[in-house]
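Here is a quick briefing to read alongside the model. Keep the structure open and follow along topic by topic.

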Amino acid sequence: MDMAEMAQGGAQLQLERFDVLIVGAGISGIGGAYHLTQQCAGKSFVVLESQAGFGGTWRTHRYPGIRSDSDLHTFGYRFKPWKGVPIATAEEIRKYMGEVIEDNDLAGHIRYNHRIVSASWSSQDKYWTIEAEDSAAGVRRRFAATFLWMCQGYYRHEGGYTPQWPGMESFSGRIVHPQEWPEDLDLAGKRVMVIGSGATAATIVPAVAGKCAHVTMLQRSPTYFITGRNINELAQMLRELQIPEEWTHEIVRRKILKDQATFTQRCFEEPEAVRKELLGNARNLLGESCDVDKHFNPAYRPWRQRIAFVPDADLFTAIRDGHASVVTDEIERFEAGGIRLKSGDLLAADVVVTATGFHLSVLGDIAFTIDGEPLDFAKTVTYLGTMFTGVPNMAWVFGYFRASWTLRADLIADFVCRLLKHMDARGAQMAVPQLRDDERDMPLKPWVDPENFNPGYLLRGLHLLPSQGAHVPWLHTQDYWNEKDQLPSIDLDDGALRYA
Ligand SMILES: Cc1cc2nc3c(=O)[nH]c(=O)nc-3n(C[C@H](O)[C@H](O)[C@H](O)COP(=O)(O)OP(=O)(O)OC[C@H]3O[C@@H](n4cnc5c(N)ncnc54)[C@H](O)[C@@H]3O)c2cc1C
């Protein structure tokens, strides 16, 4: 019996009411729940999560070596000190999130196994009606919420994106996407091919190197990698001085953010010098074992795409030791024994791992309606990269990509709480972004600038995403340094939000 039939059969459609409904129990949703309890203590709220537990990205991904590529001092929340090494495993991140849930009594607010399928806004009632499939109980449930806090991330958690190459069906080995890593996959003695060159490929290759016959990273084009020890010397020193962990967390965050800002500025001002440094580092680590100019020298300038961090240079060590290698070429087709490249070479493989990205999921694949009309999200203009014209009482957490995601999740949480309090102070039940009269012909730009930020899943789905405008507050800048001052101080009564 599928969920629709269940709903008609044993329907439990009484409406549960909350002030705020948070979608998703990943790092953003758990953070949102925490901030609500701290900043809007009187608000009732529920977190609905389609999976059987919290963690989001850090629960979904189970491939070998799964770890952050941001440091956890800034990927961790502003309010909870990170005490471990900077680059953390998924398990460590989940443990940290679990402590936030436990320390703040959030567990009772979270409903797992609840996949939201629809959300309908009524301007008459001034609330959202949300329908969710409760897969544990086998029923459909309904909720009403004044405010919808979308913390569902940006990609479909059910399965990753694998391009279709000719001949895939003839391959005699196994093809695996990292997002759906099979528990029974035994790589011992196997020739493993990892397609991709991003953070996921750079994690899997060293994690399986030495545990399989050989692992090859097959990339269409090179990526920049930056290496460093997986320790934070400043944090270590502050701990030796017995500085309170809260101070250490804040000081280390500020230092990391400042260093990142300096590095970003250098990438724009002297890209060739930065390129030379990154390639020089790769050459030092790889010696004669690999042609650095061919495999580690991208055509684009540094920082145009996210630079993957390789802790303790493990990817480079695996290559230098001969357990791993890199091939830069394009796939012509799959054959029974491996992958035929455009150059004509055949790369033999027993297992192919497609580290080729995600399916963009716009607003959690939820069917949205506003007063009965289906919401065409692509026709909206964003307000501060978190709310959208014509969509009342809804905020989406789309974090930073070049800085840690959670920096923005914390900033947006402050913004949402401020807005909720402001609405209460005004006696308003609804806040909806709307372009002011002189902004209706404002030139519009895509959600992100494809020149500066262009992962495949975003480019494939850019036409589904909202636009941004020409000036504040209609921008989605992805710039922490700008937003850290702007978001807390934005005038909520400047006419860009209509209240009712
Ligand atoms: C492998 C990997 C590594 C990454 N590493 C980093 C990193 O080091 N640093 C960094 O800044 N960023 C990183 N990112 C980006 C990362 O996704 C974010 O940083 C962050 O974890 C996203 O958190 P989130 O809570 O916003 O969304 P998610 O982690 O995507 O969680 C969203 C949750 O919402 C649930 N959900 C979705 N739709 C529905 C629905 N309709 N109904 C109910 N529940 C729903 C999902 O099941 C999920 O649990 C990484 C991403 C991946 C895939």
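**Helix pairs, sheets and domains**

H12 packs against helix H14 (residues 480-489) with the two axes 9 Å apart and at an angle of about 15°. At that angle, which is under 35 degrees, H12 and H14 are therefore roughly parallel to each other. Bear in mind that this is a predicted model. The rest of the H12 story comes first, then another helix pair, the sheets and finally the domains.

**H12 and its two partners**

- The crossing between H12 and H14 is a left-handed one.
- On the H12 side, Leu407, Leu411, Asp414 and Phe415 meet H14, which brings Tyr480, Glu483, Lys484, Leu487 and Pro488.
- Sorted by class, that H12–H14 contact has six nonpolar and three charged residues, with no polar ones.
- H12 (residues 405-426) also meets helix H2 (residues 27-39): their axes come within 9 Å and cross at roughly 35°.
- Which way does H2 pass H12, left-handed or right-handed? The crossing is right-handed.
- H2 puts Ile27, Ser28, Gly31, Gly32, His35, Leu36 and Gln39 into this contact, and H12 answers with Trp405, Thr406, Ala409, Asp410, Ala413, Asp414 and Cys417.
- The class tally for H2 with H12 is six nonpolar, six polar and two charged residues.
- Asp414 is worth a look, since it turns up in the H12 contact with H14 and also in the one with H2.

**The H7–H8 pair**

- Helix H7 (residues 233-240) and helix H8 (residues 245-269) have axes that come within 10 Å and cross at roughly 155°.
- That angle is over 145 degrees, so H7 and H8 are roughly antiparallel to each other.
- H7 goes past H8 in a right-handed crossing.
- The residues in contact are Leu234, Ala235, Leu238 and Arg239 from H7, plus Thr248, Ile251, Val252 and Lys255 from H8.
- By class, this one comes out as five nonpolar, one polar and two charged residues.

**The five-stranded parallel sheet**

- Five strands make an open sheet in the order E7-E16-E8-E9-E12, and the pairing is parallel.
- At the edges sit strand E7 (174-176) and strand E12 (324-328), each of which pairs on one side only.
- From one strand to the next, the twist averages 20°.
- Strand E9 (residues 214-219) pairs with E12 in the parallel sense over five bridges.
- To find the register, look for Leu218, which stands opposite Val327 in E12.

**The three-stranded antiparallel sheet**

- Another open sheet has three strands in the order E13-E14-E15, and here the pairing is antiparallel.
- Its edge strands are E13 (331-335) and E15 (346-348), each pairing on one side only.
- The twist averages 25° from one strand to the next.
- Strand E14 (residues 338-341) is joined to E15 by three bridges, and the two run antiparallel.
- Which residue in E15 is the bridge partner of Gly338? That would be Ala348.

**Strand E17: parallel with one strand, antiparallel with another**

- Strand E4 (residues 114-122) pairs with strand E17 (residues 367-370) in the parallel sense, over four bridges.
- In that pairing, Trp121 stands opposite Ile370 of E17.
- E17 is also joined by two bridges to strand E18 (residues 373-374), and this time the strands run antiparallel.
- Ile370 appears here too, standing opposite Glu373 in E18.
- E17 and E18 form a hairpin with two residues between them, and Asp371 in the turn has a positive phi of about 50°.

**How the domains sit together**

- The domain assignment gives domain 1 as 2-157 + 359-499 and domain 2 as 162-356.
- How far apart are the C-alpha centres of domain 1 and domain 2? They lie 30 Å apart.
- Across the boundary, 24 residues of domain 1 are in contact with 28 residues of domain 2.
- On domain 1, the side touching domain 2 has eleven nonpolar, seven polar and six charged residues.

Note on methods. Residues numbered from 1 in each chain as written. Predicted model: local features only at pLDDT ≥ 70, side-chain atom pairs only at ≥ 80, totals over all residues. Domains from an automatic or database assignment. Contact = placed C-beta atoms within 7 Å. Nonpolar A, V, L, I, M, F, W, Y, C, P; charged D, E, K, R; others polar. Axes fitted to C-alpha atoms, helices over the stretch in contact; angles between N-to-C directions. Parallel < 35°, antiparallel > 145°, perpendicular 65-115°, else oblique. Left-handed = near helix turned anticlockwise from the far one by under 90°. Pairing = 2+ DSSP bridges.
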